[in-house]
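Reader: I should like to learn how to read a structure of this kind. May we take one feature after another?

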Amino acid sequence: MTPPMKARIKAKHQRLILAVLAAVAILGAVLLAMSALKDQAAYFYAPADVKRLGVALNKPVRLGGMVAAHSIVKAADGVTINFVVEDGVSAVKVRYTGITPDLFREKSGVIAEGSFIAPDQFVASTILAKHDEKYMPPQMGQKPKIGRVE
Amino acid sequence: MIPEVGLAALWLAAALAVLQFVLVFFGLVEGGAPELTRAVRPVAVVQAVMVGLALALLITCFLNSDMSVKLVYTDSHSAKPFIYKFAGTWGNHEGSMLLWVAILGVAGAAVALFERSLDHATHIATLGAQAVISFGFYAFLLFSSNPFARLDPAPPEGQGLNPLLQDPGLAFHPPTLYVGYVGMSVAFSFAVGALVTRKVDPAFARAMRPWVLGAWIFLTLGITAGSYWAYYVLGWGGWWFWDPVENASLMPWLAATALLHSVTVLATRDGLRAWTVMLAVVAFSMSMVGTFLVRSGILTSVHAFAVDPQRGNFILALLVIYIGGALALFAVRVGSVREGARFDAVSREGALVLNNLLLSTILGVVLIGTLYPLIVEAVTGEKLSVGPPFFNATAGPLALLLVVVMAAGPVMRWRRENGLAVLRRLMVPLGIGIIALVTVLIAAPGLHLLPLLGLVLAIGVGAASLAPLWGRNLRRTPLFTYGMVLAHLGCAVSLAGMACDSAFLKETLVAAQIGETEHVGPFAVTFTGVAPIAGPNWTALEATMSATRLGWSGDPLILSPQARMYSAPVTETSQSAIATLWDGQLYLVLGKQQDDGRWQLRMWWKPFVTLIWAGGAMIAIGGALALLGRTWRTLVMARRKDAGA
């Protein structure tokens, strides 16, 4: 094909081509995002969900609930803790190595990001202590706000 | 008295916005009265003065610690240092929205006063669009977020500002980011104005470009500053968390970056007409989405001050009306926008189209990742979080691809280019990139793919970004070319910082007795003691640590991380200590004391992490140089024209 011919065909449809490219980019973004969301979105579990639904091991998830009373046990290295997250229905053991946030305490709300290494043992990579009922499991929503300092 | 005057000023500004729109409408409509448009510009200026006055008066209330104003009571305290009384004005929902509309008003006035090159009708129509946007946000403030509401009787003392916000960053980060966010409204109004008058042409693009560039510079600065603030204030050692609030600022930036490049095609080559108008609409839409996400309270974060569904619905309604309206106008008028000049696939325009497509794809991915959890929760009630693994896996590779395009684009010619010639021009950077690849593979084997590619591309692209200057007379090279080179180099520098941080980061987490020495990276850190200290509204335990670098004899670095306790409101925060060296930062956090007397210490050695923000600053300075260069040229041209006439 001679270059002028090619150029003319392309020029005629340039606007159309650009519109199609834009559509392809948007569609590509949607497909890419959807396929990645399947693998990468971390689902939020309460201990009751863990009991009811079971969990996939070694996949990123978030575990939310209350730190059970008298459950925090410090390991000898001084930076690892073990504690229990409960929601009134079920309970899950959690291990975390790191500095806990200031609002992290027993009988207080917590979100742990990490993964299950066994059906009842969770290893947290991040601990978020929340003082907002938004992150509480629904059945705990009625309890008074936790950790909120007025 | 002061709050009432402030409220009155706000009402007056809202009324002026209505007047401004009415004047524009009857001035431009067929069979209307064109002489009405002469009043539009003065009205826009007075409106800005009124809303500016309202903001100044709210600041005054905060500075006076006037506890009879509800907002001052809930978010301030008389014992707070001056700067936080001042900046605390926007450290809350109502105040930050007032800052938002004040900047919107000032931006409108700036368009009224300083825009000279746009044709009269489009200019007036632009100010009409700006008035509609302003009015919506005035209504939002007046009906659902009145910053001047009073308390009777006045409480004796306020509740204080969130200690995480008590940082000099508060004085700088929100206003900068808002100028960027709101500046996008100007681009939006320009696009609407041009659609109304059917004048989407290079002259329109040349007029719009400095405004886009200005907003983009501030967005860049705001994001860079916010990233550094989060980095040092949170004590987590991270600089970007893909938090929805961060994404809310990144999305307008991505759209604005795309717009900045496409507006250049329209200004220089009269191509991408409809495309550019669409991007201007998208860019401001993203600012609105960001405002909605942050200000509606549907996200829980330090940025979300209030959870009030009414406010969320109000902003959502504004978003739908403005974006829907603009898109409808676009759909009706796009047929009348003539197709622009054509170009080959391999050309500067082609590279810029690719830039736009990649930026749009990244934008789409970030938008979906940010909104998906909200939508899923609204529909099914199921909670999930989309975090760094998702965004790194999707946006990361796309960004690397974009950086490659960035290396090639600036050395390509407009309209038609020979691919081989481009390759020849990039031989040296390509060589440097290959040498970097081999060096990194030998010196640091076992790197993950993304950091490895990031590092190598940063070096290669950094070299390539200088290519537009090679073989040119540097004295005669226009300032905006230097701006572009500096901004592109900044991208490479920032990328290098990100890659180094994720590739070479060293972390130590220990419980240590006073007197013990711990190691992190090339440093030996001795924990010498803990002592109590007091600040204006906090007390703290301050640790003293002395760090020496292995193989380097000299005075040790003294770092003092603190565990702080604020009195109003009562909150514990951790104040990290950071030592900045030429090749990275040593970052220490003091944790909690154990029952056996040991203290938790978290230590990071972050090689070249500072390049991330240095790169961000270079991008912004590059933008500023380009803006200066363009404005200068426009002024010179105008003077020559005057002299000729």
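**A buried residue, a sheet and the contacts between parts**

Author: Let us begin with a single residue. V212(B) counts as buried, because it has 28 C-beta neighbours inside 10 Å, and 20 or more are required for that label. Please keep in mind that the model is predicted.

Reader: Where does V212(B) lie, and which residues is V212(B) in contact with, leaving aside neighbours within four places in sequence?

Author: V212(B) belongs to helix 8 of chain B, which covers residues 202-234. Once neighbours within four places in sequence are set aside, its contacts are A187(B), A256(B), L259(B), L260(B) and V263(B). A further residue to consider is M184(B): 28 residues separate it from V212(B) along the chain, yet their C-alpha atoms are 6.7 Å apart.

Reader: How should one read a sheet, and in which order do the strands of the open sheet of chain B stand?

Author: Strands of a sheet pair through backbone hydrogen bonds, in either a parallel or an antiparallel manner. In chain B, an open sheet of four strands has the order 2-11-10-9, with antiparallel pairing. Strand 2 and strand 9 (577-581) of chain B are at the edges and have a single partner strand each, so one side of each lacks a neighbour in the sheet. On average, and with direction ignored, neighbouring strands of this sheet are turned by 15 degrees against each other.

Reader: How many bridges join strand 10 and strand 11 of chain B?

Author: Eight bridges connect this antiparallel pair. As an example of residues facing one another, Q585(B) is opposite K606(B) of strand 11 of chain B.

Reader: Which strands pair between chain A and chain B?

Author: Strand 1 of chain A (residues 42-45) runs antiparallel to strand 1 of chain B, and two bridges join them. Here A42(A) has S385(B) as its bridge partner.

Reader: How many residues of the two chains are in contact, and which element of chain B gives the largest share?

Author: The contact involves 36 residues of chain B and 32 residues of chain A. Helix 12 of chain B gives the largest share of the chain B side, with nine residues. By class, that side consists of 17 nonpolar, 12 polar and seven charged residues.

Reader: What does the domain assignment give for chain B, and how far apart are the domain centres?

Author: The assignment gives domain 1 (1-166) and domain 2 (506-607). Their C-alpha centres are 43 Å apart. Eight residues of domain 1 of chain B are in contact with seven of domain 2 of chain B.

Methods. Residues numbered from 1 in each chain as written. Chains lettered and ligands numbered in written order. Predicted model: local features only at pLDDT ≥ 70, side-chain atom pairs only at ≥ 80, totals over all residues. Domains from an automatic or database assignment. Nonpolar A, V, L, I, M, F, W, Y, C, P; charged D, E, K, R; others polar. Pairing = 2+ DSSP bridges. Axes fitted to C-alpha atoms, helices over the stretch in contact; angles between N-to-C directions. Buried ≥ 20, exposed ≤ 12 C-beta atoms within 10 Å, placed from the backbone.
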